[in-house]
Amino acid sequence: MTAFKTLDDLGDVTGKVALVRVDLNLPMQDGAVTDDTRIRAAMPTVLELADKGAKVLLLAHFGRPKGERVSTQSLSMVVGAVQDTLGREVMFVPEIAGDVVKQAIGILRAGDIAVLENTRFWKGEEKNDPELVKAIAANADFYVNDAFSAAHRAHATTEGLAHVLPAYAGRSMQAELEALEKALGNPVRPVAAVVGGAKVSSKLDVLKHLVGQVDHLIIGGGMANTFLAARGVDVGKSLCEHDLTGTAEEIMEAADKANCTIHLPYEVVVSKEFAANPPSLRTSNVHEVAADEMILDVGPTAVEALADALKTCRTLVWNGPLGAFETVPFDAATVALAKTAAALTKEGVLVSVAGGGDTVAALHHAGVANDFSYISTAGGAFLEWMEGRELPGVAALQR
Ligand code: ADP
Ligand code: MG
C-alpha cells in the first residue's frame with residue numbers, strides 16, 4: 001500500500017479551514033436519528049481538528065436526492081444529533097460552496113464546527129464535476145477524508161477534492177486502511193477467509209479474488225449449497241443457484257492451482273420448514289439431505305473442524321454468516337466459529353477483520369464484536385475492497 005498522509009502530518013492549523021468528508025448517512029425514523037454509530041466514528045477526527053484550532057466544515061451525503069434540493073433529505077435534520085454526540089455546538093450551513101459558506105467561515109472561530117448541506121443536492125457531486133470541486137475547495141485550506149464507507153465512489157467530495165487541496169486521511173479512515181492492510185494487503189500467514197451469506201451471485205468477485213490471496217477459504221451460508229451442488233451433492237430444497245455450479249467449479253479449480261484449501265460443510269443442519277426450532281430439525285451428512293429438506297446451517301462437528309483449521313491461521317477476514325443466523329438454532333455455527341475467532345484474537349495469535357451488514361449483526365448477536373481486531377461497518381466499500389478493487393477515494397489520498 002502506498003502511503004497516505006494522516007492528521008499527524010498537519011502543521012499548525014489554527015484558524016485554517018478544514019473540509020472533512022464524513023459519513024452522516026444516518027438511520028432515521030420520524031425525523032430522529034436512531035443510531036449515532038457513524039457520528040461516533042467521525043468524532044476523533046472532528047474533535048482533534050477542532051481542538052487544534054481549525055474551523056471544521058463537515059461534508060456528507062444523505063440518501064439519494066439525485067442532484068435536487070429535497071427538504072426531507074437536508075442535513076439540517078442531523079445537526080442536533082451531531083451536537084449531542086460531539087458535545088459541542090455545531091452550526092448548519094445550507095450550502096457547500098460560494099458566498100454563504102464564505103460568510104459562515106467568517107463567523108466561525110478557531111475550533112468551531114459546522115455541518116454543510118447534503119452534498120448530493122448538487123448534480124456535480126456524483127459526477128465528480130471539476131467546477132463543483134473547485135468551488136468547494138475555494139473556501140478551504142485542506143481536505144480530510146474520514147469516510148471509508150464512501151471511498152468506493154469517485155465523487156466530488158470523496159475523490160475530487162483530494163486532487164486540489166492538501167489531502168489527509170482522518171482517524172477512522174486511517175484505522176480502516178491499517179486494519180485492511182493487516183488482513184489482506186500484507187497479512188501474517190496462514191490467512192483464512194470466511195465467506196458466507198445467501199447467494200454466490202452477490203459475492204462472485206470476492207470469491208474469485210480471495211482464492212488467490214488466502215490459504216484457507218471457508219465457504220458457508222446459502223452459497224455453500226451451490227458449491228456442494230457443483231460437487232454432485234443433492235441439496236434438496238436448499239437455497240441454491242444451480243445456474244452457477246459451473247462458476248463454482250471454476251473457483252474450486254482456481255483455488256487448487258493457488259494452493260488455497262476450500263472448506264465446504266460436510267455436515268449440515270437441515271429442516272423441512274424455515275422456522276425457529278422446527279419439528280423436522282436434524283443434523284445430517286451432506287450426502288443424506290432429503291429432497292424436501294433445506295440446509296440452513298453448518299453442522300456442529302463440521303464447525304469444530306473449521307475451528308481447528310482456524311487455530312492454524314494467524315489472520316482471518318470474514319464476510320457473511322455461516323447459516324440463517326436470524327432464526328434459532330441456525331445461528332449456532334456462526335456463533336461458535338465467531339467465538340473461536342474472538343478467543344484466538346484475545347490470545348493475541350489471530351488478527352481478525354470482519355465486515356458486512358449481516359456479518360456485523362451476527363457478531364454482535366454472538367457477543368464478540370468487540371473482541372475482533374477490527375469490524376468494518378463500510379458495507380459496499382468493504383466488499384469492493386474484498387474484491388481486490390482499488391477504491392478511488394483511497395487511491396486519491398495515496399498519490
Ligand atoms: P453480509 O450482509 O454480511 O454481506 P449477506 O447479506 O451476504 O451478508 O448474507 C446474509 C444472509 O444470508 C442472512 O440473511 C442469512 O439468513 C442468509 N443465509 C445464510 N445461510 C443461509 C442458508 N443456508 N440458507 C438461506 N439463507 C442463508
Ligand atoms: Mg446483507
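Let us begin at Asp 23, a residue that is buried, with a relative accessible area of 11%. What you are looking at is a predicted model, and this residue is a handy place to enter it. The side chain of Asp 23 forms a salt bridge with that of Arg 38, at 3.2 Å from N to O. This pair ties together distant parts of the chain: Asp 23 sits in the loop between strand S1 (17–21) and strand S2 (28–29), while Arg 38 belongs to helix H1 (residues 37–51), 15 residues apart. Unlike its buried partner, Arg 38 is partly exposed, with a relative accessible area of 31%.

What makes such pairs possible? Side chains of opposite charge can pair when their charged atoms come close. In this model the count comes to 18 salt bridges, and a few of them are worth a visit.

One of them joins the side chains of Glu 68 and Lys 123, at 3.3 Å from N to O. Here too, distant parts of the chain are linked: Glu 68 lies in the loop between strand S4 (55–59) and helix H2 (79–86), and Lys 123 lies in helix H4 (residues 123–127), 55 residues apart. Glu 68 is partly exposed, with a relative accessible area of 43%, and Lys 123 is also partly exposed, at 46% relative accessibility.

Further along, Arg 389 and Glu 384 meet through their side chains in another salt bridge, with 3.9 Å between N and O. Is each partner buried or exposed in part? Arg 389 counts as partly exposed at 45% relative accessibility, whereas Glu 384 is buried, with a relative accessible area of 17%. Salt bridges can also share partners, and in this way Asp 8, Glu 48, Lys 52 and Arg 171 are joined into one network.

Now turn to ligand 1. Which residues come nearest to it? Among the 18 residues around ligand 1, the nearest are Ala 198, Lys 203, Glu 326, Asp 358 and Thr 359. Backbone atoms of the protein approach the ligand in several places. A polar backbone atom of Gly 222 is 3.2 Å from a nitrogen atom of ligand 1, and a backbone N or O atom of Ala 324 lies 3.4 Å from a nitrogen atom of the ligand. At Asp 358, a backbone N or O atom lies 2.9 Å from an oxygen atom of ligand 1. On its own, ligand 1 has 590 Å² of accessible area, and the protein covers 82% of that.

The space that ligand 1 takes up is the second largest pocket. To see what surrounds the ligand, look for helix H9 (221–230), strand S14 (294–298) and helix H13 (357–365), each of which supplies at least two residues of the shell. The element that gives the most is H13, with 3 residues.

Away from the ligand, some helices hold residues that are hidden from the surface. Ala 42 has its place in helix H1 and counts as buried, at 6% relative accessibility. Its C-alpha atom is separated by 15 Å from that of Ile 375, although the two residues are 333 residues apart along the chain. In helix H2 you will find Val 82, which counts as buried at 1% relative accessibility. Val 82 and Thr 359 are 277 residues apart in sequence, and their C-alpha atoms are 27 Å apart in space.

Helix H6 (residues 156–164) is mostly covered, with 7 of its 9 residues buried. Those buried residues are Ala 156, Thr 157, Thr 158, Glu 159, Gly 160, Leu 161 and Ala 162.

Finally, follow the backbone itself through a few loops. Arg 189 and Pro 190 are joined by a cis peptide bond, with omega about 0°, and Pro 190 is found in the loop between helix H7 (171–185) and strand S9 (191–195). The peptide bond from Val 328 to Pro 329 is cis as well, with omega near 0°; Pro 329 has its place in the loop between strand S15 (315–319) and helix H12 (332–347).

Two asparagines end the tour. Asn 128 is not a glycine, yet its phi has a positive value near 55°, and this residue is placed in the loop between H4 and helix H5 (130–137). Asn 259 likewise has a positive phi, of about 60°. Asn 259 lies in the loop between helix H10 (245–257) and strand S11 (261–263), where it counts as exposed, at 67% relative accessibility.

Conventions: Residues numbered from 1 in each chain as written. Chains lettered and ligands numbered in written order. Predicted model: local features only at pLDDT ≥ 70, side-chain atom pairs only at ≥ 80, totals over all residues. Heavy atoms only, no water. Salt bridge = Lys/Arg side-chain N within 4 Å of Asp/Glu carboxyl O. Helix = DSSP H or I, 4+ residues; strand = E, 2+ residues; numbered from the N terminus. Buried < 20%, exposed > 50% of the residue type's maximum accessible area, 1.4 Å probe, protein only. Near = heavy atom within 4 Å. Polar contact = N/O pair within 3.5 Å; in protein donor to acceptor, adjacent residues only side chain to side chain. Areas by Shrake-Rupley, 256 points an atom, 1.4 Å probe, with all protein chains shown as cover. 1 Å grid on protein atoms, 1.4 Å probe; cavity = no way out; pocket = protein on both sides within 12 Å on 5 of 7 lines; lining within 4 Å. Sits in = over half its atoms within 2 Å of the grid points.
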